[in-house]
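Here is a short report on one chain. It covers strands, helices and a few side-chain pairs.

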Amino acid sequence: MVNVLMHGCNGRMGQMITGLVKEDPEITIAAGVDKFQEPQNPYPVFDSIGKCDVRADVVIDFSTAAALEEVLAYCVEKQVPAVLCSTGYSEEQLGKIAEASEKTAILKSANMSMGINLLLKLLKDAAKVLSPAGYDIELVERHHNQKLDAPSGTALALADSINDAMGGQYEYVYDRSQVRRKREKKEMGISAVRGGTIVGEHEVIFAGVDEVIEFKHTAFSRSVFGKGAVEAAKFLAGKTAGMYDMSDVIQF
């Protein structure tokens, strides 16, 4: 049985993970951390991670980037692995995550969905075949109207997966309205759509002569991110220090 410390337990994702864990016999939430004490949970909740005195095998952090320093300090001191699910880390914070991974196991992913992380792998393979054959590559992502950043971190991760496979040949283009010219062969267009309550859609288009190949992932609820976090926690518990990602969990 894996004992989890759920950091951000009373947020939307924290509560979703609490529900998912109830149905999983291999994992349990030993304690939670949240500055908000409502709703009530079937485990003790502390208002800061430094006050937590309950033993845990792994931390799942689904709070905010602002809480990173406290989470890393706790995990390094207690030698507890951490699954970092928050987004919006600065370059300085990414450096601190790398430093902490030298002392304890850290898993960080731009998107916790198992499907998205499988897609990252498939895109590398597709790009190696289709890019040399002259196919143009475009990405379109769609999210709800409350999302602040554009393009999404997941869209950038998908683009980076392709670009890494091709040795960094591509330049990302986010807006074509300012320049009147034909599309360059080594540009990758990334478009963002915001509307309604769309949880998340990411589409990657390989457009060739008389042929289009599309890869698409649609999240119908945020539970896909919670499920990925739970699987990551089960994987990471007991691992040695180092930096991990969801490809290690999926093991393709």
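Leaving aside its neighbours within four places in sequence, which residues is E231 in contact with? The contacts are D24, M114 and V249. The structure is a predicted model. E231 belongs to helix α6, residues 223-236. S63 lies 168 residues from E231 in sequence, and the C-alpha to C-alpha distance between the two is 18 Å.

**The parallel sheet**

An open sheet is built from 7 strands in the order β3-β2-β1-β4-β5-β6-β12, with parallel pairing. The edges are held by β3 (45-46) and β12 (242-244). Each has a single partner strand, so one side of each is left without a neighbour in the sheet. Strand β2 (residues 27-33) pairs with β3 in the parallel sense, over 2 bridges. In this pairing V33 stands opposite F46 in β3.

Helix α3 (residues 91-100) packs on the sheet. It touches β5 (82-84), β6 (105-108) and β12. The direction of α3 makes about 140° with that of β6.

**Helices α2 and α3**

Two packed helices are described by the angle between their axes and the distance between the axes. For helix α2 (residues 68-78) and α3, the axes come within 10 Å and cross at roughly 5°. Angles under 35 degrees count as roughly parallel. The two helices, α2 and α3, are therefore roughly parallel to each other. Where they meet, α2 brings L68, E69, L72 and V76, while α3 brings Q93, K96, I97 and A100.

**The mixed sheet**

A further open sheet has 5 strands in the order β8-β9-β7-β10-β11, and its pairing is mixed. Its edge strands are β8 (171-173) and β11, each pairing on one side only. Neighbouring strands here are turned by 20° against each other on average, direction ignored.

The table lists pairings in this sheet.

| Strands | Sense | Bridges | Opposite residues |
|---|---|---|---|
| β8 and β9 (residues 187-194) | parallel | 3 bridges | V173 and G189 |
| β7 (residues 136-143) and β10 | antiparallel | 7 bridges | V140 and E203 |
| β10 and β11 (residues 211-219) | antiparallel | 9 bridges | V204 and F215 |

How many residues of strand β10 (residues 200-208) are buried? The count is 7 of the 9, so β10 is largely enclosed by the rest of the structure. β10 and β11 form a hairpin with 2 residues between them. In the turn, D210 has a positive phi of about 60°. Helix α4 (residues 114-130) lies across β10 and β11. It runs at about 170° to β11.

**Aromatic pairs**

Ring centres within 6.5 Å make a pair. By this rule the count comes to 2 aromatic pairs. One is F206 with F215, edge-to-face, at 5.9 Å centre to centre and 75° between the planes. F206 has 0% relative accessibility and so counts as buried.

What makes the pair of F235 and Y244 edge-to-face? Their planes stand at 75°, with ring centres 5.9 Å apart, so the pair is edge-to-face. Planes over 60 degrees apart earn that label. F235 and Y244 are both buried. F235 also has a charge over its ring: the charged end of K239 sits there, 4.2 Å from the ring centre.

Definitions and conventions
Residues numbered from 1 in each chain as written. Predicted model: local features only at pLDDT ≥ 70, side-chain atom pairs only at ≥ 80, totals over all residues. Heavy atoms only, no water. Phe/Tyr/Trp six-rings, centres within 6.5 Å; stacked < 30°, edge-to-face > 60°. Buried < 20%, exposed > 50% of the residue type's maximum accessible area, 1.4 Å probe, protein only. Lys NZ or Arg CZ within 6 Å of the ring centre and 35° of its normal. Pairing = 2+ DSSP bridges. Helix = DSSP H or I, 4+ residues; strand = E, 2+ residues; numbered from the N terminus. Contact = heavy atoms within 4.5 Å. Axes fitted to C-alpha atoms, helices over the stretch in contact; angles between N-to-C directions. Parallel < 35°, antiparallel > 145°, perpendicular 65-115°, else oblique.
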